[in-house]
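Me: I've got a structure open and want to go through it with you, one question at a time. Can you take a look?

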Amino acid sequence: SEDPRVIGELLTVGRELGAQTGTSVTVVASGEDAGERAENARVRGADGVLVVHGEVPVQIGVEADADILREAIRTATPTLILLGATSAGSELAARVAQEIGVPCASDCMSLRIDADGGLEVERRVYGGRFVARQVISGTPKFATVQPKRFAMAEQIENDSSCEVTEITV
């Protein structure tokens, strides 16, 4: 997410889902403040951080972010990708999921892993009038999470087990 608070909220969800599946949580940090984002993710419990370096992109915004996300997916081979359901995050998730041919659930209010390893989500449909429960399968799965739905991950003191990997896009 472009919003540091939403990143903290996504870490809360990611850590909960990671605990259910025994998987790790990796954050992608890019932009001019990538180092600061990486450190914030580390102290809030990320197991790994991909710090993106590269030339100043010719295109900016979602186009550049899509290139970064595709490279991060190739590097980390995740089973689940969480983005903030902001205007940028929602567009990015839908675009990259479609490009690589995997499922994407938007504006999720709750997420959990079901007994078969699918991602069970609850999201509002029909203009917010109803809540639908859906199961997303396939790998990787994309989900955008509504901001302010989860608490921001607490800081963890002196946790140096976070692996930082630098990638170039």
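Me: Where is Gly 45 found?
Reply: Bear in mind that this is a predicted model. Helix H2 covers 34-43 and strand S2 covers 48-53. Gly 45 sits in the loop between helix H2 and strand S2.

Me: Is Gly 45 buried or exposed?
Reply: The cut-off for buried is under 20% relative accessible area. Gly 45 has a relative accessibility of 10%, so it counts as buried.

Me: What phi does Gly 45 take?
Reply: Gly 45 comes just after H2. Its phi there is positive, at about 105°.

Me: Leaving aside neighbours within four places in sequence, which residues is Gly 45 in contact with?
Reply: Gly 45 is in the loop that follows helix H2 and leads to strand S2. With neighbours within four places in sequence set aside, its contacts are Arg 15 and Ile 156.

Me: How many Å apart in space are Gly 45 and Ala 151, C-alpha to C-alpha?
Reply: In sequence, 106 residues separate Gly 45 and Ala 151. In space, C-alpha to C-alpha, the separation is 14 Å.

Me: Back to H2: which of its residues are buried, and what covers them?
Reply: The buried residues in H2 are Ala 34, Arg 37, Ala 38, Ala 41 and Val 43. Their cover includes H1, strand S1 (26-29) and S2.

Me: There's an arginine in that list. Why does Arg 37 count as buried?
Reply: Arg 37 is found in helix H2. Leaving out residues up to four places away in sequence, it touches Ser 1, Glu 2, Ile 7, Ala 29 and Ser 30. Arg 37 counts as buried because its relative accessibility is 18%, and the cut-off is under 20%.

Me: Which residue does Arg 42 meet in a salt bridge?
Reply: Arg 42 counts as partly exposed, at 21% relative accessibility. Its partner also lies in helix H2, three residues apart, about one turn of the helix. The side chains meet at 2.8 Å, N to O, and the partner is Glu 39.

Me: What about H4: how many residues apart are Arg 95 and Glu 91?
Reply: The side chains of Arg 95 and Glu 91 meet in a salt bridge at 2.8 Å, N to O. Arg 95 is partly exposed at 25%, and Glu 91 is partly exposed at 38%. Both lie in helix H4, about one turn of the helix, and the separation is four residues.

Me: Which residues do salt bridges that share partners join into one network?
Reply: The structure holds 11 salt bridges. Through shared partners, some of these make one network, and its members are Arg 112, Glu 120, Glu 122 and Arg 133.

Me: Now Arg 123. Which side chain of opposite charge is nearest to it, and how far away is it?
Reply: Arg 123 lies in strand S5 and is buried, yet it has no salt bridge. The cut-off for a salt bridge is within 4 Å. The nearest side chain of opposite charge is Asp 107, at 6.0 Å.

Me: What does the side chain of Arg 123 reach, then?
Reply: A polar contact of 3.1 Å joins the side chains of Arg 123 and Gln 134. At 2.7 Å, the Arg 123 side chain also reaches the backbone oxygen of Ser 106.

Me: Why is the pair of Tyr 126 and Phe 130 edge-to-face?
Reply: A search of the whole structure finds one aromatic pair. The ring centres of Tyr 126 and Phe 130 are 6.1 Å apart and their planes are at 90°, so the pair is edge-to-face. Both Tyr 126 and Phe 130 are exposed.

Me: Last one: which elements give two or more residues to the largest nonpolar core?
Reply: That core has 15 residues, and those touching the most other members are Val 13, Leu 17, Leu 82, Leu 111, Leu 119 and Val 145. Not counting residues up to four places away in sequence, Val 13 touches Leu 82, Leu 111, Val 145 and Phe 150. The elements giving two or more residues to this core are helix H1 (4-21), strand S4 (104-113), strand S5 (119-125) and strand S7 (141-145).

Key
Residues numbered from 1 in each chain as written. Predicted model: local features only at pLDDT ≥ 70, side-chain atom pairs only at ≥ 80, totals over all residues. Heavy atoms only, no water. Phe/Tyr/Trp six-rings, centres within 6.5 Å; stacked < 30°, edge-to-face > 60°. Buried < 20%, exposed > 50% of the residue type's maximum accessible area, 1.4 Å probe, protein only. Contact = heavy atoms within 4.5 Å. Core = buried A, V, L, I, M, F, W, Y, C linked by side-chain atoms within 4.5 Å. Lys, Arg positive; Asp, Glu negative; His and termini not counted. Polar contact = N/O pair within 3.5 Å; in protein donor to acceptor, adjacent residues only side chain to side chain.
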